[in-house]
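Good morning, and thank you for coming. I would like to walk through one structure with you, beginning with a pair of helices and then turning to the wider chain.

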Amino acid sequence: MSGGFKSYVNMNEVEKTEPESQKKDVKKIANEVFGGPMEPKLLPGELVIAEGHNVLKFNSTDDFNHGVSGALFCTNFKISFVTANRSSYDLGELRQRNQLLSEHDIALTCVEAVYQVWNGKKKRLPPGSNIQGRVGILEIHCKDFRILPFSFKFTPKEAERNVVNAILHHAFPTSLDLLFAFEYNPGKNLRIGIADTPEFRAVKDWERELSRVHPSGWRVSFANTNFKMSDTLPEQFIVPSSLSDHDLNNSSPHFVDGRVPLWSWSHQNGSSLVRMVELRSDTTQTQYLEREGLDSMLRAIESTHPERTKASIIDLARLCPSPKYIQVAYYKLRDLCMPAGAEDFWAADQKWYSLLDGTKWLQCVSACLSVSSAVAERIAGSRQTVVLREYDGRDLSCVVASVVQLILDCHTRTLVGFQALVQREWVVCGHRFTDRLHHVHAKDKDNEESPVFLLFLDCVWQLLQQFPSCFEFTETYLTTLWDSARVPLFATFLFNSERDRYVACMDAKRDKNDNTSPTLMPVWDWSLQFSDQDRLLFNNPLYGGKLAEYFPEHPSNGPTVVPPNPTNTLGSFKSRNKWKSKKKKQAGASAQVSFATPSTPSFNGPLFPINIGAGLKLWTQCYMRWIPWAHTVGGGPPSEYFHQCLLVDELHILNMKIHSLEMSKPDEHNTSRESGMFFTFESPRGFDANDSLTSAFPYSPIGSMDRKSIVGTPLFSFLRRMSVSSYNGAAANGDD
């Protein structure tokens, strides 16, 4: 560094220095070091709204003792902190580097709350409010569990006020059209690389899905063209062939939001999975509606089964947690995994088992996996068509329908197949992302926030842990997908329905007065966010489809038979709303759905997970990645991933050499290096995994070497096993 710049500032030392040294011009220093002004990287259509210089960014885990000096900007897309310091970029190639958001950036829609810290007291600042005096320290709490404190001690008062007020106004938009997605203007040369992921906005996508699954007795319906039948259904969807579009239009008024039953998936044995809403209650013709509305739909659904067997109706309201319950559990989990500082963390560590038990988050995961396993068994084992019934069919039916397909359909476990699953069951079928992710902060509207989509991703993560060779993608992909759901650039997770998306585009088109619709980007084009190298982090080295190239005779590549007649009694969610000791769980096993993990699971066979006890773990990469005291250096899943990548890459090299020899053309230059692994055998990125890689990789690759050791603590014991069973007994016995 030149110019005597000191990037890390000790607050106690600064107050003893001369006033002039307290007000160093950071912009001038940045010009000297980098040959240009210290400014944020802006996307097309992104504008700087306010900026403040000489701002200190603290590490919330360091009790505000040291800060990095720089400039804080608020744009119409993000909060960006720009610093001349580059120490945080050590081993930067090990960190997942987002091309839209740098290490010190926060997407506006990722802001959960803004606090003022003054004289040790914390006060929450209301969204849309205006501050007049000094703030002192501004603490931003993010929806990804980060806490980012900024000090304006050396910032001019007017600049401080402008930045803080801009954040309070723009981080909490009151309508969707204020989000950056409607301002983004990439130009005409933008390449949208989503050709492999169908969006199910064209009939060909639905027909291709029917062709893939080969169900009999089902067809694509156009009854909802221009959303004339239902505001929350897609324009095309799949229904029984025996029903005409006229029949659907006549029946739709009998169902909530006009949502007639719609097809999700069919098994090769002829059984199908169907989603259905409740009948409307605001009518005097209840008996007629039940007979003519519901019964006619069920008869048509049952007619698609080869044996015309009666469909099994699953009431999700009784079996699964409500969105409100999920939200309360999420708040408790967030409080546990988002300590304000070291003191709070170590205090929570003393009661880690009971505090995690008290969140009830893993109970919600268990309930969804339990119901999904029972539904999958009825479809694959009992050969029954299953109808998932939910009041409006837009929350837990999305979860269960998706998890059932992951259990039974190996295509949904590939990267493209999983993205198509999310697009079909969640996006176009009307999950309320606007409300559930709380993108809009309307004062006159009830807060309907609930992380139902995160609950689904957690269920997928549980399956990935139990069947690591059956998924093409990694947990990093799932965490990245959850992070991307709160980036206000991607339209995939912005709207409550396809109609809302269409109306928003039309309104934006009229506002522009230039007859052009906004460029709403899909999240599935990962090249917008990550380089080719970083996207390799999504590739699972253990995926059976990949390993089959090297071990074609491996037993895991054979078929897996569905367990014969497993216990599948569905108890109500209320009967399972308390964790029990091991003995109680074993005694009451008949009230639960539980399957043993197959000894040799096939990557293309059905997967029946263990959904209680030792089978469930805490998704630490997603929930605890920003807590340095909980990180282990050179250990955890990232260390395993590192060695798995090296092994698979070496197998790839050997396979290419064998192929070259078999072709009688031994030429080392023709051995392909495209194994698809982030770490490679010949050049593992020039570092020692035992010293550099942490359990928070790829989000915090470097460990905090001066932190207090967690070895021997309750948290350490939990993280080592990461299972529910390890703390169920402790909680039941009162052991904190």
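Please look at where helix H16 meets helix H17. On the H16 side, Phe 453, Leu 454, Leu 457, Val 460, Trp 461 and Leu 464 are in contact with Glu 475, Leu 478, Leu 481 and Trp 482 of H17. I should say at once that this is a predicted model.

What kinds of residue make up this contact between H16 and H17? Nine would be the number to remember: 9 are nonpolar, none is polar and 1 is charged.

It is useful to recall a general point here. An α-helix has 3.6 residues a turn, so residues three or four places apart point the same way.

How are the two helices arranged with respect to each other? H16 covers residues 452-466 and H17 covers residues 475-484; their axes come within 10 Å and cross at roughly 175 degrees. Since an angle over 145 degrees counts as roughly antiparallel, H16 and H17 are therefore roughly antiparallel to each other.

Let us stay with H16 for a moment. This helix has 15 residues, and the distance from its first C-alpha to its last is 22 Å, close to the 21 Å expected at 1.5 Å a residue. Of those 15 residues, 14 are buried, so H16 is largely enclosed by the rest of the structure.

A second helix, H13, may be described in the same terms. H13 spans residues 396-408, which is 13 residues, and reaches 18 Å from first C-alpha to last, close to the expected 18 Å. Here 13 of the 13 residues are buried, so H13 too is largely enclosed by the rest of the structure.

I turn now to the cysteines. How many disulfides does the model contain? The count comes to 0. Cys 337 is in no disulfide, and the nearest cysteine sulfur, that of Cys 622, lies 9.2 Å away. Why is there no bond from Cys 622? Its closest cysteine sulfur is the one in Cys 337, and 9.2 Å is too far for a bond, given that a disulfide requires sulfur atoms within 2.5 Å. Cys 337 is buried, with a relative accessible area of 2%, and Cys 622 is also buried, at 4%.

Finally, the chain as a whole. It has 26 helices and 15 strands. Buried residues make up 58% of its 736 residues. Among contacts with a separation of 6 or more, 75% are between residues 24 or more positions apart.

Thank you for your attention.

Conventions
Residues are numbered from 1 along each chain as its sequence is written. This is a predicted model: local features need pLDDT of at least 70, side-chain atom pairs count only at pLDDT 80 or more; totals for chains, interfaces and linings use all residues. Side-chain values use heavy atoms; hydrogens and water are left out. Axes are lines fitted to C-alpha atoms, for helices over the stretch in contact, and angles run from 0 to 180 degrees between N-to-C directions. Helices (H or I, at least four residues) and strands (E, at least two) are DSSP runs, numbered from the N terminus. Angles under 35 degrees count as roughly parallel, over 145 as roughly antiparallel, 65 to 115 as roughly perpendicular and the rest as oblique. Contact means heavy atoms within 4.5 Å. Ala, Val, Leu, Ile, Met, Phe, Trp, Tyr, Cys and Pro count as nonpolar, Asp, Glu, Lys and Arg as charged, and the others, Gly among them, as polar. The expected span of a helix is 1.5 Å times one less than its number of residues. Buried means under 20% relative accessible area, exposed over 50%, partly exposed in between (1.4 Å probe, protein chains only).
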